[in-house]
Amino acid sequence: MAAPLGKRKSLCARWGGGAAYGGAGSAMQARDLRWETLEALRASSKGRLKYFRHSDGDEDILEGCISPLVLSSYAGWVLDRMAGSSAQAAARSGCAPGGAASHAAPPAESSALACEEPSSPARTDTKGSSDPGVLEVNQEVLPIPPVSKMAKVEGCIQMYEEIYRMKGRERLRQRQEQQEQMVRAAYDMAREQLKRFDEMKELKRRQEIQELREVMEKSLKETQGQQEKLKEEHRHRAKILNLKLREAEQQRQRQEEQERLRREEGQERLRRLYSIQEELLQLNQQIDPNYKHKDLPKIDLSAYSNRGNQICGLVSGLIRTTSERGFPSQMDVANTEQALKEMRGLISSMQQEIAAAVEEKKRKDEQEKKQKQEELLKKQQAEAQTPVPAQPSGAKQQKKALSVKAGEGTMKWYQQLQDAAAQCAAAFSAMSHSKDSEVKKIRMELQKAVTIPVSQISTIAGSQLRQIFDKLNNLLSGKPVQSVGETVLVTQHPQGLDFVHYKLAEKFVKQGEEEVASHRESAFPIALVISGIWEVHPRVGELFLAHLHKKCPYSVPFYPAYKEGASMEEYQRMLGYLVQDSKMEEEDHFLKRMSGLIRLYAALIQLRWPYGNKQGAHPHGLSYGWCWLAQMLNMEPLVVVTATLLYDFLEVCGHALMKQYHCQFWKLLLLMQENYIPRIEAITNVGQKASLTRFKQFVEESLQKKDIPLPKGYLQPSFWRS
């Protein structure tokens, strides 16, 4: 607004100045000047100014400033008068220049007053007075010449503009203050509401947390209650299950015991059938259908032979049927016994018939028979005195026949060991056959305490081997030991120590025929533990030898002879074979077991427990091995068995015997090569020479190199530091 007003003031001043100083111009020039002024006013910024109403509430404030300024219809008349007055004043001023100057000054003063006028109305407006009549008073006080009427109008316009401007500013300020107060109040209200909202939100959050805690505590209590119920139910069910398991276990044990008894009875009846069948066959062989006595040609034994064959066929069919069905019944045994009785009666009748026929001729040829018997006896004595030719060695000389029996001292020692083992077994027979559950539990715990450590013997570390020895030694010494989480003592039962001695020796031998037979290197750690236990507890060593001799009679050495009346199964067991359900084990498996036992024995006689008493002699040292080797060479060899056992024994113990006996050992090997190996070759078939070839090659290489190396798996001193 200020710029257009300034332009308007400059135009009025220029117009007034032109009227004052241009009075001498012509009327044409004045008219042109007026139109030029009007065009200038129309083209000015004020003339082109437009107002826009932004708010309905501000219409009263900006009312005077919105509409453009418009000149009145009297504006032309005013300008003409002002131009005429200006010309007259110019004419007068030509006569009195000083007066012109004095008259020219009032318009300026009036214009100045006009410009200053709006300030006083503004002040009066603030006081509530806005009357435009003040201008008339001012005009009376300060008379304005007619020439400054236009300036007065301009001043009035400016005054009113200023008044409205000031009113607008005041109202705008008040409105701004009001708006600021409203904004401040709204801000305060919003801040308070935000605080209340935050407080409400925090309160809700705390309430939710509290509710959640209450729900969690409630659920926790319910869960704990359910857990207690489940625990109680679990304990109840566990108790019921334990009772059921105990009952099932007892039932199973009863069934197993009944089944075992049934099998034992069945096997006993089956063995009885076999023995009866064997006896029947032997009795039937005594009946020869072609038998005809030279002095009694009329005797015919075909009826006896036919009946004997019928009885044997009936018994064989019965045994075959019972074998397919399972075990024979008592009725089957009774039938076979009846058949045996009939066969014996048949033999007795045959013998009586023969005896009756012979008795008739007895008196006639008694002398002749005596002579023949004397001749036969002389002939048998002559044959017994004649030496049996041995197999030639290098086709140079004949050797005497070797013995097939062990020496008397060896057999006496063997029998003493077997008697000691039988006495030990009888000592704990009451404990072994007891039906009491407590005694069974003690027996089972003691057996586990023996078998588990022995099964853990290995070549892993010397410290582990020492722990196993200490555990077994403590058990045998009556100290408590831990076994499968239980504390075990041999003093829990009066027969506990005898039971442990017997079972420990039996387990050592079983390790030989199972573990050593499969892993030959394991013979050395097992033999070390046996040696250490033997030194502290000699009874275990004696029982070990008894079990070893029973499982492997060749470790005596001893070749069991067939006893009259014994069954074939019993004889096979005496030879060391395993017989199950009347089936003998295969030859390869038998040789493997015998090899494992001999290797364990050969390792035992050369090893001593390193932490024992080294001042005393070995309880069963190399001297026993030397005696065993000498006795083996003094007995007739057996096919395959002798070559296998000699090779295994020398491979394990040959180095120690070489160090101990020096030249005597080499003489013994030379004797084997020149004399004993040819004897084995003479009785060995082509398909059985594998073990003989291996043994022969070992002896030849040893004699050639004059050395036998340490056996594979021998424990070095560094083993005990592991």
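**Exercise 1.** Which side chain meets that of arginine 252 in a salt bridge?

*Solution.* In this predicted model, the partner is glutamate 256, and the N to O distance is 2.1 Å. The next step is to place the two residues: both belong to helix α8, where they stand four residues apart, about one turn of the helix. Turning to accessibility, arginine 252 has a relative value of 34% and counts as partly exposed, and glutamate 256, at 44%, likewise counts as partly exposed.

**Exercise 2.** Locate the salt bridge of arginine 191 and describe the setting of its two residues.

*Solution.* Arginine 191 pairs with aspartate 188, and the closest N and O atoms are 3.4 Å apart, which satisfies the cut-off of 4 Å for a salt bridge. Both residues lie in helix α8, which spans residues 149-285, with a separation of three residues, about one turn of the helix. Arginine 191 is partly exposed at 38% relative accessible area, and aspartate 188 is also partly exposed, at 31%.

**Exercise 3.** Which parts of the chain does the salt bridge between arginine 539 and aspartate 498 tie together?

*Solution.* The side chains of arginine 539 and aspartate 498 meet with an N to O distance of 2.5 Å. Arginine 539 lies in helix α18 (residues 538-551) and aspartate 498 in helix α16 (residues 496-518), so the pair ties together parts that are 41 residues apart in sequence. Arginine 539, at 32% relative accessibility, is partly exposed, whereas aspartate 498, at 18%, is buried, because buried means under 20%.

**Exercise 4.** Name the residues that are linked with Lys435 in a network of salt bridges.

*Solution.* The network links Lys435 with Glu257, Arg260 and Glu264. For the whole structure, a search finds 27 salt bridges.

Terms used. Residues are numbered from 1 along each chain as its sequence is written. This is a predicted model: local features need pLDDT of at least 70, side-chain atom pairs count only at pLDDT 80 or more; totals for chains, interfaces and linings use all residues. Side-chain values use heavy atoms; hydrogens and water are left out. Buried means under 20% relative accessible area, exposed over 50%, partly exposed in between (1.4 Å probe, protein chains only).
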